[in-house]
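Here are some short exercises to work through with the model open beside you. Try each task before reading its solution.

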Amino acid sequence: MEETNESPFMKYLRKDRLPNIFCAGCGNGTVLNTFFKGMEMAEMDLNNINMASGIGCSSRIPGYVKCDSLHTTHGRPISFATGLKLGNPNMDVVVFTGDGDAAAIGGNHLIHAARRNIDLTVICINNNIYGMTGGQISPTSPQGSYGSTAPYGTFEKPFDLVELVSGAGATYVARWTTVHPLQLANAIKKALKHKGFSFIEAVSQCHTYYGRKNKMKSPLDMLKWMEDNSINKRKADKMDPEELAGKLIVGEFVNKNQAEYSQELYNLIEEKSGNRSKSIKSAYMGD
Amino acid sequence: MIKLDPNLCKGCNICMEFCPKQVYEQSKTLDRKGVHIPIPKNQDKCSKCDLCALMCPDQAIKVEEDDEQ
Ligand SMILES: Cc1ncc(C[n+]2csc(CCOP(=O)(O)OP(=O)(O)O)c2C)c(N)n1
Ligand code: SF4
Ligand code: SF4
Ligand code: SF4
Ligand SMILES: [Mg+2]
């Protein structure tokens with residue numbers, strides 16, 4: 001056994017880049033831990049995982065991980081991830097994204113990847129705000145919440161990301177928060193093993209912007225808010241919509257098997273051409 | 001044994017708040033970075049549930065399995 005004083009997750013991290021750039025107590029680091037824990041539970045190999053992310057605080061996560069990754073343009077990680085998966089369907093492709101990255105500028109890519117049921121694991125860190133750029137309202141900011149672009153509180157109706165991707169066709173969907181790290185890790189395990197489009201909404205604290213603008217200045221205030229307002233789906237299913245106003249419904253929402261896009265595509269190529277496509281893969285392999 | 005890396009800890013107090021056994025205590029002094037680094041004082045109470053290490057956003061904590069007194 002190796003004897004170190006380090007976190008059990010340190011072996012997966014690019015140590016030379018630590019401490020990470022996130023504010024003290026930001027939930028991004030916790031979600032990263034739950035990813036490693038889920039990966040261990042799924043018995044998956046980090047060497048076979050390729051990550052993609054867009055732009056945002058949450059999208060900086062893959063840069064800290066010792067695996068191949070693409071840090072792409074804002075809103076587009078799912079498009080890059082689709083390319084990776086179709087180039088090499090044996091690769092496990094994971095997307096780290098934010099609520100702004102995935103649901104605002106990248107909303108179209110999100111719904112179409114879900115519609116296609118392509119085998120990606122998308123982990124969306126939903127802090128209900130644009131953290132990186134200074135606290136602008138995002139498509140998930142709750143009605144009435146404050147942001148730098150909503151000094152009187154936003155009157156827009158937000159997206160429920162779970163409903164959005166479920167409606168679009170995702171075949172594994174779960175939501176947990178950073179006060180549920182074990183449940184979150186377990187959902188990530190299932191999402192990694194699932195063959196099809198998996199979406200994990202990880203509700204998380206950006207106390208620096210969301211918290212500060214909404215009377216929850218510290219990470220602990222925000223974690224307490226999540227703890228007090230989370231209701232398990234099983235319980236929520238028996239409650240009225242009025243009772244559920246302002247609550248965070250957590251749990252597993254979709255888990256079903258359907259034809260997966262990359263497999264279907266490769267099957268079609270084989271059927272029409274008579275052999276298994278290796279055209280793209282061979283490009284990596286030199287002579 | 002709890003090992004807490006003071007170079008990584010940013011003093012967010014998540015470990016202190018969420019440890020079910022109240023193992024951590026707030027330090028009275030600031031470190032070089034101006035951070036109150038929690039002290040894992042009541043280690044005899046630790047149940048090795050690993051929650052603090054899983055929640056720590058800065059991967060600063062290791063909960064060691066075997067106590068070699
Ligand atoms: C094309 C483009 N438009 C706008 C921006 C500015 N921008 C950078 S990050 C960001 C929002 C990030 O929000 P989110 O995805 O929720 O990430 P968070 O920082 O909250 O984790 C925006 C609008 C950009 N980088 N590129
Ligand atoms: S600004 Fe918000 S999301 Fe970004 S690192 Fe700070 S707390 Fe985290
Ligand atoms: S392992 Fe559990 S009991 Fe021990 S210090 Fe961490 S949170 Fe507390
Ligand atoms: S959770 Fe981690 S960073 Fe926060 S105070 Fe504890 S050891 Fe320090
Ligand atoms: Mg955000």
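## Exercise 1: the shell around ligand 2

Task: in this predicted model, find which residues lie around ligand 2 and sort them by class.

Solution. Start by listing the neighbours: A:Phe22, A:Cys23, A:Cys26, A:Cys57, A:Asn127, A:Gly131, A:Cys206, A:His207, A:Thr208 and A:Tyr209 surround ligand 2. Next, sort them: six are nonpolar and four are polar. Finally, look for charge: the shell has no charged residues.

## Exercise 2: the size of the contact

Task: describe how chain B and chain A meet, in residues and in buried area.

Solution. First count the residues: chain A brings 32 to the contact and chain B brings 20. Then turn to area: about 2,000 Å² is buried between the two chains, with 63% of it on carbon and sulfur atoms. Now see who pays on the chain B side: B:Lys10, B:Leu54 and B:Gln59 lose the most area to chain A, and together they make up 34% of what that side buries.

## Exercise 3: polar links and the chain B side

Task: count the salt bridges and the polar contacts between the chains, then work out what the chain B side is made of.

Solution. Begin with salt bridges: there are zero between chain B and chain A. Polar contacts are next, and 12 residue pairs make them, both partners being at pLDDT 80 or more. For secondary structure, helix H1 (14-18), helix H2 (51-55) and strand S4 (61-63) of chain B each supply at least two residues to the side touching chain A. H2(B) gives the most, with four residues. By class, this side of chain B holds 11 nonpolar, three polar and six charged residues.

Key
Residues are numbered from 1 along each chain as its sequence is written. Chains are lettered from A and ligands numbered from 1 in the order in which they are written. This is a predicted model: local features need pLDDT of at least 70, side-chain atom pairs count only at pLDDT 80 or more; totals for chains, interfaces and linings use all residues. Side-chain values use heavy atoms; hydrogens and water are left out. Contact means heavy atoms within 4.5 Å. Buried area is the accessible area (1.4 Å probe) that two parts lose on being put together, summed over both. A salt bridge is a side-chain nitrogen of Lys or Arg within 4 Å of a carboxyl oxygen of Asp or Glu. A polar contact is a pair of N or O atoms within 3.5 Å; within protein, one must be able to donate a hydrogen and the other to accept it, and residues adjacent in sequence count only if both atoms are side-chain atoms. Ala, Val, Leu, Ile, Met, Phe, Trp, Tyr, Cys and Pro count as nonpolar, Asp, Glu, Lys and Arg as charged, and the others, Gly among them, as polar. A residue is near a molecule or strand if one of its heavy atoms lies within 4 Å of it.
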